[in-house]
Amino acid sequence: FSPQGQSVWAHLQSLGEYLSRHITKVHNRLDWNIAAFLTWCSPIGFRLPEETEVQRGWINTLALGDTETGKSKVVKALKKTFNCGSYVSGENCTYVGLIGGLIKSASGQFMLRWGHIPLQDKQLVVLEEMSSLSITDIANMSDVRSSGIARIDKGGISSETTARTRLICLANVRQVKKNLAHYLFGVHAVQD
């Protein structure tokens with residue numbers, strides 16, 4: 001990625017305009033077109049010169065906005081274009097569905113079942129309606145998202161697997177009857 005005759009930012013702006021005009025059809029959301037694209041294309045890891053340790057490269061992105069602002073439309077268009085990634089609804093999912101857990105079989109035995117994020121290692125998961133997840137579930141995902149390793153240690157079963165998964169979370173404001181205009185700064189809505 002070395003733009004010829006223009007700065008990196010100018011190159012990203014042209015790329016965002018192209019995506020907006022030809023792929024996503026979501027206009028006046030240049031920042032979101034670029035952020036979603038960069039999340040999709042982020043490297044899993046990279047090594048800086050003179051260093052031996054590989055640094056984390058995958059990106060977690062949160063798009064928090066009001067209904068009908070193009071969050072889902074951009075992601076769906078990019079998913080169709082790239083033909084990769086997994087789409088999950090937070091309304092119908094729990095921590096166990098996203099990360100994994102133990103399930104009881106018909107015979108009464110516990111079995112380990114990994115969730116969407118570890119199963120999409122080195123890929124991308126779009127989590128639609130993240131605000132539908134409980135605050136506890138979101139907090140419990142923190143270690144997996146930052147370390148890239150999912151661990152389960154319950155019911156006598158202990159296991160871990162890689163979960164270096166790019167994550168795009170889409171959310172509306174959590175409080176009913178509120179939108180981003182009710183907050184002095186949009187980032188304050190993230191606290192809810």
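This is a short walk through one protein chain, its helix packing and one of its sheets.

Okay, so before anything else: what you have up there is a predicted model. Let me start with the overall picture. We have 192 residues in the protein chain, and 35% of them count as buried. The secondary structure comes to eight helices and ten strands. If you box up the C-alpha atoms along the principal axes, you get roughly 60 × 50 × 30 Å. And for the contact people: take the contacts in the chain with a separation of 6 or more, and 62% of those are between residues 24 or more positions apart.

Right, helices. Two packed helices are described by the angle between their axes and the distance between the axes. I'll go through two pairs, and α2 is in both.

Pair one is α1, residues 8-24, with α2. Their axes come within 9 Å and cross at roughly 95°, so α1 and α2 are roughly perpendicular to each other. Who is touching whom? From α1 you have W9, L12, Q13, L15, G16, E17, L19, S20 and T24, and they meet L30, N33, I34, F37 and L38 in α2. Sorted by class, that contact has eight nonpolar residues, five polar and one charged.

Pair two is α2, residues 30-41, with α3, residues 71-82. Here the axes are 10 Å apart and the angle is about 40°, which means α2 is oblique to α3. The crossing is right-handed. On the α2 side the contact uses W32, N33, A36, F37, W40 and C41, and on the α3 side K71, V74, V75, L78, K79 and F82. The class count for this one is nine nonpolar, one polar and two charged. If you want residues to click on, N33 and F37 of α2 are among those meeting α1, and N33 and F37 are also among those meeting α3.

Now the sheet. It's an open one with four strands, in the order β3-β10-β7-β4, and the pairing is parallel. Which strands stand at the edges? Those are β3, at 60-64, and β4, at 86-89; each has a single partner strand, so one side of each is left without a neighbour in the sheet. On average, neighbouring strands are turned by 15° against each other, ignoring direction.

And α2 comes back here. It packs on this sheet, touching β3, β7 (124-128) and β10, and its direction makes about 150° with that of β10.

Let me zoom in on β3. It runs parallel to β10, residues 166-171, and five bridges join the two. Across from N60 you find L167 in β10, and T61 has I168 as its bridge partner there. In a regular strand the side chains alternate between the two faces of the sheet. In β3, T61 and A63 make up the covered face, while N60, L62 and L64 are on the uncovered one.

Last stop, the other edge. S86 sits in strand β4. Buried or exposed? S86 is buried, at 12% relative accessible area, where the cut-off is under 20%. Apart from its neighbours within four places in sequence, S86 is in contact with K79, H116, Q120, L124, V125 and V126. K79 is one of the α3 residues that meet α2, and L124, V125 and V126 fall within β7.

That's it from me; happy to take questions.

Methods
Residues are numbered from 1 along each chain as its sequence is written. This is a predicted model: local features need pLDDT of at least 70, side-chain atom pairs count only at pLDDT 80 or more; totals for chains, interfaces and linings use all residues. Side-chain values use heavy atoms; hydrogens and water are left out. Axes are lines fitted to C-alpha atoms, for helices over the stretch in contact, and angles run from 0 to 180 degrees between N-to-C directions. Angles under 35 degrees count as roughly parallel, over 145 as roughly antiparallel, 65 to 115 as roughly perpendicular and the rest as oblique. A crossing is left-handed if the near helix is turned anticlockwise from the far one by less than a right angle, and right-handed if clockwise. Contact means heavy atoms within 4.5 Å. Ala, Val, Leu, Ile, Met, Phe, Trp, Tyr, Cys and Pro count as nonpolar, Asp, Glu, Lys and Arg as charged, and the others, Gly among them, as polar. Two strands pair if DSSP finds at least two bridges between them. Buried means under 20% relative accessible area, exposed over 50%, partly exposed in between (1.4 Å probe, protein chains only).
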